[in-house]
Amino acid sequence: MDIWEENEDSKFVSEEDMRRIKRFCLFDDDFMTKCFEGSIECVELVLRIIIDMEDLSVTEERTQVFAENLLNRSVRLDVLASDSTGRKYNIEIQRQNKGADKRRARYHSSMIDVNILKKGDDFDNLPETYVIFITENDVIGQKKSVYHINRYIEETGEKFGDGANILYVNGAYRDETPIGMLMHDFACTEPSDMKYEVLKERARFFKESKEGNVIMSGIMEELREEALKEGKRTIVMRMLSLGKYGIEEIAEISGLSVDEIKELGADKTA
């Protein structure tokens, strides 16, 4: 049963989707992405608090940025931002501890560098970078609000100073400090309970407005379609492994195109 219709576009939001939207918080990757998309104010607030720099000024933000590696693994960055000094920031949201692996943070840092420095550029042109994992749980386990990971010279104890910074933010941290209140807001499902106005207004738009609900419902539909397609890909890979079916037969059974099946076959061979 649909509870309302979006004007003349004949777009609906089902009761099931409405219930899911109400349960969303900023630790949900897709919800956070939409709240931060096009909102320099949201990104700026989060970075100012985490980096502890009140005058930090964000000049550009993008969400779901594809950092390509033509020879090896590429990555998709949740949020990529720049500030007025040229520093680069990658913000990643992780509900599961395994999604915040230490080597993943290292790889994200390297991929940002690879995609910044152009051929012929001097290495000194590499800007300072920050890879920030905001995790729902205390991944490091020392009950701190933020963990700063940097390289040090063992013999002197001095920072190496290569400009690469990795931070883990403990999403379970709560107190009346800015970071404690920020993590409170990330866990909130009710916008009215949030402490920071800029986050409250973005969450309210996607949770309580007609337009915002339709946008979130569309995203959930895309996720359902992708999950269905992923299930079909798994079946196709099994059928290819059996070697009993022709490509056209697999296409007819699975609903995928012949080209898609050929591509999956090439991936299997590789």
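## A buried glutamate in helix α3

In this predicted model, residue E44 is found in helix α3. With a relative accessibility of 16%, E44 counts as buried, because buried means under 20% relative accessible area. Once residues up to four places away in sequence are set aside, the residues that E44 touches are L56, S57 and V58.

Helix α3, which spans residues 40-51, also matters for the account of the core, since eight residues of the largest nonpolar core come from this helix, and that is the largest share.

## The nonpolar cores

The largest nonpolar core holds 44 residues, and within this core F36, I134, L182 and F186 are the ones that touch the most other members. What does F36 touch, if residues up to four places away in sequence are not counted? The residues in question are C42, V43, V46, E61, T63, V79, F186 and L199. F186 therefore appears twice in this description, once among the residues that touch the most other members of the core and once among the residues that F36 touches, where touching means heavy atoms within 4.5 Å.

A second core, separate from the one just described, has 14 residues, and I112, V131, I166 and Y168 are included in it.

## Two mostly covered helices

Helix α2 covers residues 29-36. How many of its eight residues are buried? Six of them are, so that α2 is mostly covered by the under 20% cut-off for a buried residue. The buried residues of α2 are F31, M32, T33, K34, C35 and F36, and F36 is the residue named above for its contacts in the largest core. After α2 comes G38, which has a positive phi near 75 degrees.

Helix α5, made of residues 178-187, is likewise described as mostly covered, with seven of its ten residues buried. The buried residues of α5 are I179, G180, M181, L182, M183, D185 and F186. Two of these names, L182 and F186, belong to the group that touches the most other members of the largest nonpolar core.

## How helix α7 meets α2 and α8

Helix α7 runs from residue 210 to residue 242, and its axis comes within 11 Å of the axis of α2, the two crossing at roughly 135 degrees. Angles over 145 degrees count as roughly antiparallel and those from 65 to 115 as roughly perpendicular, and an angle of roughly 135 degrees belongs to neither range, which means that α2 is oblique to α7. The crossing in which α2 passes α7 is right-handed. On the α2 side the contact is made by D30, F31 and K34, and on the α7 side by I215, M216, I219 and L223. Sorted by type, the residues of this contact are five nonpolar and two charged, with no polar residue. As background for reading such lists, an α-helix has 3.6 residues a turn, so residues three or four places apart point the same way.

The axes of α7 and helix α8, which holds residues 247-254, also come within 11 Å, and here they cross at roughly 150 degrees. Since angles over 145 degrees count as roughly antiparallel, α7 is roughly antiparallel to α8. This crossing of α7 and α8 is right-handed. From α7, the residues K232, V236, M239 and L240 meet I250, I253 and S254 of α8, and the residues of this contact divide into five nonpolar, one polar and one charged.

## Residues with a positive phi, and N115

Two residues other than glycine have a positive phi, Q64 with a value near 50 degrees and K143 with a value near 60 degrees. Where does Q64 lie? Q64 is part of strand β3, which covers residues 58-67, and its relative accessible area of 29% makes Q64 partly exposed. K143 sits in the loop between β6 and β7, and K143 counts as exposed because its relative accessibility is 71%.

N115 belongs to helix α4, residues 102-116, and counts as partly exposed at 44% relative accessibility. Although N115 and N69 are 46 residues apart along the chain, their C-alpha atoms are separated by 8.9 Å. When neighbours within four places in sequence are left aside, N115 is in contact with A67 and E68.

Definitions and conventions
Residues are numbered from 1 along each chain as its sequence is written. This is a predicted model: local features need pLDDT of at least 70, side-chain atom pairs count only at pLDDT 80 or more; totals for chains, interfaces and linings use all residues. Side-chain values use heavy atoms; hydrogens and water are left out. Axes are lines fitted to C-alpha atoms, for helices over the stretch in contact, and angles run from 0 to 180 degrees between N-to-C directions. Helices (H or I, at least four residues) and strands (E, at least two) are DSSP runs, numbered from the N terminus. Angles under 35 degrees count as roughly parallel, over 145 as roughly antiparallel, 65 to 115 as roughly perpendicular and the rest as oblique. A crossing is left-handed if the near helix is turned anticlockwise from the far one by less than a right angle, and right-handed if clockwise. Ala, Val, Leu, Ile, Met, Phe, Trp, Tyr, Cys and Pro count as nonpolar, Asp, Glu, Lys and Arg as charged, and the others, Gly among them, as polar. A nonpolar core is a set of buried Ala, Val, Leu, Ile, Met, Phe, Trp, Tyr and Cys residues joined through side-chain atoms within 4.5 Å. Buried means under 20% relative accessible area, exposed over 50%, partly exposed in between (1.4 Å probe, protein chains only).
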